[in-house]
Amino acid sequence: MYTTPLFIQNIGPWGAVLIAVVVLVLFGRGKVAGLMGEVGKGINSFRSGLKQPENEIEDASDEVEDATAAARDVTPEERSERDNA
């Protein structure tokens with residue numbers, strides 16, 4: 001069984017505000033804003049990645065159709081009896 005440490009259970013809203021202020025003081029507003037921007041880009045990338053397999057399947061089926069249309073028959077012709085001798 002996993003138990004949550006006591007200091008996390010008793011943080012409350014004022015404790016969360018205090019932690020946010022300490023983070024801002026330590027790292028500065030620019031670093032925190034840049035980090036949040038990177039988190040936003042990551043979320044957008046994740047969402048587009050969820051949609052991408054559908055697009056890849058459609059693109060792959062188009063490529064297969066193009067490849068089959070461009071394929072040529074390379075089976076050897078039947079040999080005559082004269083060639084077999």
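A single salt bridge is counted in this predicted model, taking a distance of within 4 Å between a side-chain nitrogen of Lys or Arg and a carboxyl oxygen of Asp or Glu as the rule. The pair consists of E38 and K41, whose closest N and O atoms lie 3.8 Å apart, so the contact falls within the 4 Å cut-off. Side chains of opposite charge can pair when their charged atoms come close. In this case the sequence spacing is informative: E38 and K41 are three residues apart in helix α2, and therefore about one helical turn separates them. As for its surroundings, K41 has a relative accessibility of 56% and counts as exposed, because the threshold for that class is over 50%.

The helix that holds this pair also carries part of a nonpolar feature. I11, L18, I19, V22, V23, L26 and F27 together make a nonpolar surface patch of about 650 Å². One of these residues, I19, is found in helix α2, which covers residues 12-70. With a relative accessible area of 48%, I19 is partly exposed; the value lies between the limits of 20% and 50% that bound this class.

It is helpful to place these details in the chain as a whole. The fold contains three helices and zero strands, and the elements follow one another in the pattern α-α-α along the sequence. Of the 85 residues, 1% count as buried. The chain exposes about 8,400 Å² in total, and carbon and sulfur atoms supply 60% of that area.

Finally, a word on confidence is in order. The mean pLDDT of the chain is 76, and 59% of the residues reach 70 or more. Among the elements, helix α2 has the highest mean pLDDT, at 80, and this is the helix in which both E38 and K41 and I19 are located. The lowest mean pLDDT, 59, belongs to helix α3, formed by residues 81-84.

Methods:
Residues are numbered from 1 along each chain as its sequence is written. Side-chain values use heavy atoms; hydrogens and water are left out. Patches are made of residues with over 30% relative accessible area and no salt bridge: like charges are joined within 9 Å, nonpolar side chains (Val, Leu, Ile, Met, Phe, Trp, Tyr) within 5 Å. Accessible areas come from the Shrake-Rupley method with a 1.4 Å probe; for residues, only the protein chains shown count as cover. Helices (H or I, at least four residues) and strands (E, at least two) are DSSP runs, numbered from the N terminus. Buried means under 20% relative accessible area, exposed over 50%, partly exposed in between (1.4 Å probe, protein chains only). pLDDT is the predictor's confidence in each residue, from 0 to 100.
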